[in-house]
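Visitor: I'm new to this one and would like a close look at a single part of the picture: the contacts made by polar and charged side chains. Please walk me through them slowly.

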Amino acid sequence: MLYTSTRDKSIRVESSVAIAHGISKEGGLFVPEEIPKIGLDDISRLVNCSYIERAKEILSLYLTDFTEEEIDYCVNGAYKEGNFSSPKVAPLHTLNPNTEILELWKGPTCAFKDMALQLLPYLLTTASSKTVPDKQIVILVATSGDTGKAALEGFKDVPNTKILVFYPNDGVSPMQKLQMMTQEGENVGVCAIEGNFDDAQSGVKKIFTDKSVAKKLDDMGMMFSSANSINWGRLVPQIVYYVSAYCDMVEKKKVNLGDPINIVVPTGNFGNILAAYYAKEMGIPVKKLICASNQNDVLTDFLKTGIYNKNRDFYTTISPSMDILISSNLERLLFLLSGMDDKAVGGWMSELSADGKYQVSEDVLIKIKEYFEAGSCDDKGTKETIAKVYGETGYLCDTHTAVAISVYDDYESVTADNTPAVIASTANPFKFSASVLDAVRPGICEGMDEFDIVLGLHAETGAECPPQLENLKEKTPRFTSVCKKEDMEKVVFDMLSK
Ligand SMILES: *Cc1c(COP(=O)(O)O)cnc(C)c1O
């Protein structure tokens, strides 16, 4: 299987090249030329397999230039016992007879990013030793909060790599900030920027695609790669958990093999829901993919109208990991739905960077409407949902998951579609303790610090704070600098020359 670029179909590379480089040189994203299929007989077999076995099987369909031993090494390392706090890695929790919550936050940093970022360092170092054996890999990350920490944990002290993370100073939760400021490891760096996530992401993309920067790095024996979800190595592990969730739905007798499910995903960059789309195209029976946004509802509007317009107010919400106006992975969907029309996709992306908007063709919009539903939920609705779900079922969900539950509730009441639903739950509620506690006991957080709030949330609900969050209290911040977005390149070279 070869990979091509969303902006230049003449490019054809193996998966290890796509993963080692992260992004194609003309700015397009790598995608497999074909989507591999799995049949109901395959699914039926996978129902009786462990998460690790399911992951190996799915990955081997996409990473055909990796040997079986290499895939075994990568998957066994990432999902080894103890690394995730659930033996199922990504377990389903029954919310009500018709709705399952897919808990994707059992990893070391308590957000769904671990699902991919525990595996990516293995994939990337395996890929780079095949394709660029003499280069040190420099991972540059822009984060809206969770990617940064998950990437730092994944790459810390991985030989022959360095990792540098930029996050928006006022755009992440106190817990997320502490997690990054206290990061351990010899090969890591963290810097806040004055700006929002899109500024951080644009800055990173600019450094990444700057030819003179690449030359300078090359002279230093280094090469950039990306741990953001523009890297195919981030997406492919995410496809696995949707396949796995379907297998678990069959195993739990929530559906009969072959019957469809709906999948609901709280998304910002369109990465997580794109992985669900790939799972569907592989053959997982899915009726609708339901895209849930917070008040930054650029995707909701796009999926309903075919017009993508980022010229709108940016809101800092209580679901900060979805505070995004430029959803970079949408590009991959457009490439697929336009019949791999690289010219059209390149055109839309140029319009996006020039005018901040574009409109897709009618036939692409028709396909979007066939597969996707979309809705949004503001902070008030998010808190109401947390309180309602907790009150009715005793289940405590985080702010991002609540956006998805709220959008799904709206969808269900408007359509009366009672297809069994899997709702992706993307973070542990203690990662966003203040908002979650304020939702279940309005006003109680007044004047409390982050760790009082953690204790308060535990006292109020009986839920346990994961130890890796609770232990942050004891740690001294190591990375406290803040830079202007114009200075990001300088920060990168300062760190690399250390
Ligand atoms: C990153 C993140 C999201 C959004 O994921 P996308 O890749 O943008 O779809 C949602 N929730 C949490 C908790 C996250 O960390």
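Guide: Let's begin with a term: a polar contact is a pair of N or O atoms within 3.5 Å, and within protein one atom must be able to donate a hydrogen and the other to accept it, while residues adjacent in sequence count only if both atoms are side-chain atoms. Some ground rules come next. This is a predicted model, in which local features need pLDDT of at least 70 and side-chain atom pairs count only at pLDDT 80 or more, whereas totals for chains, interfaces and linings use all residues. Residues are numbered from 1 along each chain as its sequence is written, and side-chain values use heavy atoms, with hydrogens and water left out.

Now for an example of that contact. The side chains of S319 and N294 are joined by a polar contact of 3.0 Å. You'll find S319 in the loop between strand 12 (307–309) and helix 14. Helices (H or I, at least four residues) and strands (E, at least two) are DSSP runs, numbered from the N terminus. S319 has a relative accessible area of 0%, so it counts as buried. Buried means under 20% relative accessible area, exposed means over 50%, and partly exposed is in between (1.4 Å probe, protein chains only).

Helix 14, residues 330–337, holds our next stop, E331. E331 forms a salt bridge with R7, and the closest N and O atoms of the pair are 2.7 Å apart. R7 sits in the loop between strand 1 (3–5) and strand 2 (8–13), so this pair ties together parts that are 324 residues apart in sequence. A salt bridge here is a side-chain nitrogen of Lys or Arg within 4 Å of a carboxyl oxygen of Asp or Glu. The idea behind it is simple: side chains of opposite charge can pair when their charged atoms come close. The two partners get different labels: R7 is partly exposed because its relative accessibility is 25%, while E331 is buried because its value is 2%.

How many salt bridges does a search of the whole structure find? The count is 29. Another one joins D438 and K383, with the closest N and O atoms 2.7 Å apart. This pair also links distant parts of the chain, 55 residues apart: D438 is in helix 19 (residues 433–440) and K383 is in helix 17 (residues 379–393). D438 has 22% relative accessible area, so it counts as partly exposed, and K383, at 24%, is partly exposed too.

Other pairs stay local. K149 and E153 form a salt bridge whose closest N and O atoms are 3.7 Å apart. Both lie in helix 7 (residues 146–155), and because they are four residues apart there, about one helical turn separates them. K149 counts as buried because its relative accessibility is 8%.

Salt bridges can also join up. R54, K88, D248 and E251 are linked in a network of them. Let's stay with R54, which belongs to helix 3 (residues 51–62). R54 has another partner as well: its side chain reaches the backbone oxygen of L46 at 2.9 Å. With 2% relative accessibility, R54 counts as buried.

What about charges without such a partner? D170, E194, E486 and D487 form a negative surface patch. Patches are made of residues with over 30% relative accessible area and no salt bridge, where like charges are joined within 9 Å and nonpolar side chains (Val, Leu, Ile, Met, Phe, Trp, Tyr) within 5 Å. For the signs, Lys and Arg count as positive and Asp and Glu as negative, with His and the chain ends not counted. Each charge is placed at NZ of Lys, CZ of Arg, CG of Asp or CD of Glu. One member of the patch, E194, lies in strand 8 (residues 188–194), and its relative accessibility of 46% is why it counts as partly exposed.

One last acidic residue before we stop: D157, in the loop between helix 7 and strand 7 (161–168). Its phi is near 60°, a positive value in a residue other than glycine. D157 is partly exposed because its relative accessibility is 46%.

Note on methods: Areas by Shrake-Rupley, 256 points an atom, 1.4 Å probe, with all protein chains shown as cover.
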